[in-house]
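Colleague: Before we look at this together, could you show me how the words used for a structure follow from the numbers behind them?

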Amino acid sequence: MLDVLIVGAGFGGLYALHKLRSIGLKVQAVDAAPSVGGTWYANRYPGARVDIQSLEYSYSFDEGLQQEWSWSERYAAQPELLRYANHVADRFDLRRDIELNTRVEAAHFDESSGQWLVRSTDGRQWRTRFVVMANGPLSAPNTPAFEGLADFEGRVLHSAAWPHEPVDFTGLDVAVIGTGSSAVQIIPIVAEQARSLTVFQRTPAYAVPAHNGPLDRDWERRIKADYAGFRARNRQMRSGFGSELQPHPLPALQVSDAERDAVFEQRWQAGGFALLGAFTDLFTDLRANEHACEFVRRKIRSIVRNPAVAARLCPTHPIGCKRLCVDTGYYATYNRDKVTLVDVSQAPIERITPHGLLTGGREYKADLLVLATGFDAFTGPMQRIDVRGRGALSLRDKWRGGPLNYLGLTVAGFPNLFNLVGAGSTSAFTSVITAIEHHVDWIADCLQWLDAHGHETIEASEPAEAQWVSLMNAIAQQTIFLGCNSWYLGANIPGKPRMFMPMAGGFPMYAERCAAVARDGYAGFVMH
Ligand code: NA7
């Protein structure tokens with residue numbers, strides 16, 4: 001019998017295993033993949049790279065680890081992130097408690113024993129007191145049900161299920177569907193190699209330059225001289241990162257056009273998410289947000305030489321409403337003669353033919369099709385497992401109208417089950433590793449508190465859950481996030497209920513709420 005079974009051995013599962021083992025619990029982690037690393041094992045497409053600077057997208061829980069690890073680039077590429085996950089697994093001797101190639105298909109709460117029974121697809125079973133779902137909010141790839149896909153005679157590759165051997169695009173006519181973060185990274189690289197590249201765009205993306213390059217060693221030394229202070233300052237930021245570039249003291253609407261543009265330009269030069277941190281009202285005031293939108297549109301028009309193509313690339317939704325893309329040469333790629341941009345916003349992809357794609361009554365030939373079509377975010381990974389709580393309540397049923405949750409960590413009716421960085425948490429808006437560490441530390445404190453107080457189980461109450469969801473909705477209403485069809489809203493998956501799934505209140509507010517609940521003896525939870 002286990003104390004804790006952890007589903008997933010990505011960055012969340014690895015830290016959960018380390019932390020929960022360190023407080024004396026018997027812990028087992030399982031992962032469907034043949035490797036640790038989670039997202040950074042699965043997303044191995046060319047150009048896959050983190051969109052938050054590596055000095056911030058890394059674990060803070062161990063001073064030795066953060067001092068000894070040295071990133072080669074400002075934004076690490078997928079192979080380096082995977083090496084880091086493996087290094088962490090070895091350094092903290094985690095592998096002895098990880099079963100790889102193990103896909104969990106069911107987790108059922110047994111009310112008579114107060115234990116969970118977890119089953120894998122190969123028939124193995126575990127009995128455990130607690131379950132930590134560390135299967136990642138973006139781990140269920142979305143393959144749209146395009147008619148004719150099975151009849152395509154070339155190769156079809158999904159960005160999140162990329163083959164292990166290198167893919168050579170040389171001499172091929174390649175089609176990419178999607179223009180989200182994954183596509184924005186893939187497109188410039190495919191364009192280098194392919195004979196031709198046709199990009200099928202449903203919604204244009206805002207992309208800002210990463211200005212990636214070798215990590216500045218002086219900056220690294222300065223951060224490492226006080227890494228703990230740097231992390232603490234980051235945790236005071238709404239996003240949990242980016243403390244070195246504080247927002248302008250005035251809102252965007254209270255400065256002159258010239259000053260606003262100078263700030264945006266400075267942020268554009270800094271690269272990455274800095275642009276969205278320029279002013280405090282960009283996420284709460286559509287008029288302020290529009291200034292940032294127009295700034296990026298002007299950049300697009302200045303980079304892309306063909307005005308018609310530039311116009312097609314200019315988004316109209318609020319910037320940041322969909323996750324901002326951090327790019328290397330994305331817009332400039334459209335200046336290549338061999339790259340064609342096809343707008344499928346009005347005339348959707350009708351079908352995949354044996355030799356290409358049909359849209360707007362025209363067939364576009366392709367030898368290789370890349371689906372950079374994203375994920376069934378937050379709920380997909382959870383609902384692909386048959387999770388049943390009290391009274392055999394199925395999570396699939398409970399979440400039919402959207403992912404009800406309390407604190408983004410728990411679901412009423414599912415005792416002793418914790419969901420890492422899922423719906424209701426700030427994960428999508430922070431450096432996810434900061435969010436992971438916060439969740440795991442909260443769970444570890446909670447489990448120790450339960451034992452100290454002689455409780456066997458903890459579960460969210462329905463009123464607390466309802467209040468949390470209405471708080472999440474109320475906060476989202478005050479932002480620009482409801483102004484587009486994003487994966488935050490479930491709008492990218494046909495038929496998925498629309499509910500704004502992340503908590504948009506910012507990391508400090510969220511962390512304080514979670515801390516207050518714990519301080520109040522786990523207010524909103526029922527213990528037995
Ligand atoms: P995203 O950001 O969800 O992007 C998926 C893209 O695929 C996006 O442009 C979609 O258009 C497009 N898409 C999805 N379905 C279709 C159909 N049926 N037809 C045409 N186009 C379609 O996923 P990513 O993998 O790029 O990034 C996910 C996150 O990973 C990212 O936000 C970072 O956090 C890291 P749409 O915009 O929905 O119109």
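Modeller: Let us begin with Asn-289, which touches Leu-282, Pro-318, Ile-319 and Ile-480, leaving aside residues up to four places away in sequence. Please keep in mind that this is a predicted model.

Colleague: Where does Asn-289 sit, and why is Asn-289 called buried?

Modeller: Asn-289 has its place in helix 9. Its relative accessible area is 1%, and buried means under 20%, so Asn-289 is called buried.

Colleague: What makes Ser-302 exposed?

Modeller: Ser-302 lies in helix 9, which covers residues 286-303. The relative accessible area of Ser-302 is 56%, and the word exposed is used for values over 50%, therefore Ser-302 counts as exposed. You can also locate Ser-302 by its distance from Tyr-331, since the two are 29 residues apart in sequence and 9.9 Å apart in space, C-alpha to C-alpha.

Colleague: Which residues touch the most other members of the largest nonpolar core?

Modeller: They are Phe-11, Tyr-334, Trp-442 and Phe-525, in a core of 146 residues. Helix 14, residues 432-452, supplies the largest share of this core, with eleven residues.

Colleague: What does Trp-442 touch?

Modeller: When residues up to four places away in sequence are not counted, Trp-442 touches Leu-407, Leu-409, Phe-418, Cys-514, Ala-515, Val-517, Ala-518, Tyr-522 and Phe-525. There is also a second, separate core of 20 residues, which includes Val-30, Met-382, Ile-385 and Trp-399. As a general background, nonpolar side chains tend to be buried together in soluble globular proteins.

Colleague: Turning to the ligand, how many residues surround it, and which are the closest?

Modeller: The ligand is surrounded by 18 residues, and the closest are Ser-182, Arg-202, Thr-203, Lys-322 and Arg-323. The residues of this shell divide into seven nonpolar, eight polar and three charged.

Colleague: What makes the pair formed by Thr-203 and the ligand a polar contact?

Modeller: A polar side-chain atom of Thr-203 lies 2.5 Å from an oxygen atom of the ligand, and a polar contact needs a pair of N or O atoms within 3.5 Å, so this pair qualifies. For Ser-182, an N or O atom in the side chain is 2.6 Å from a ligand oxygen atom, while for Thr-179 a backbone N or O atom lies 2.9 Å from an oxygen atom of the ligand. On its own the ligand has 780 Å² of accessible area, and the protein covers 86% of that.

Conventions: Residues are numbered from 1 along each chain as its sequence is written. This is a predicted model: local features need pLDDT of at least 70, side-chain atom pairs count only at pLDDT 80 or more; totals for chains, interfaces and linings use all residues. Side-chain values use heavy atoms; hydrogens and water are left out. A residue is near a molecule or strand if one of its heavy atoms lies within 4 Å of it. A polar contact is a pair of N or O atoms within 3.5 Å; within protein, one must be able to donate a hydrogen and the other to accept it, and residues adjacent in sequence count only if both atoms are side-chain atoms. Accessible areas come from the Shrake-Rupley method with a 1.4 Å probe; for residues, only the protein chains shown count as cover. Ala, Val, Leu, Ile, Met, Phe, Trp, Tyr, Cys and Pro count as nonpolar, Asp, Glu, Lys and Arg as charged, and the others, Gly among them, as polar. Helices (H or I, at least four residues) and strands (E, at least two) are DSSP runs, numbered from the N terminus. Buried means under 20% relative accessible area, exposed over 50%, partly exposed in between (1.4 Å probe, protein chains only). A nonpolar core is a set of buried Ala, Val, Leu, Ile, Met, Phe, Trp, Tyr and Cys residues joined through side-chain atoms within 4.5 Å. Contact means heavy atoms within 4.5 Å.
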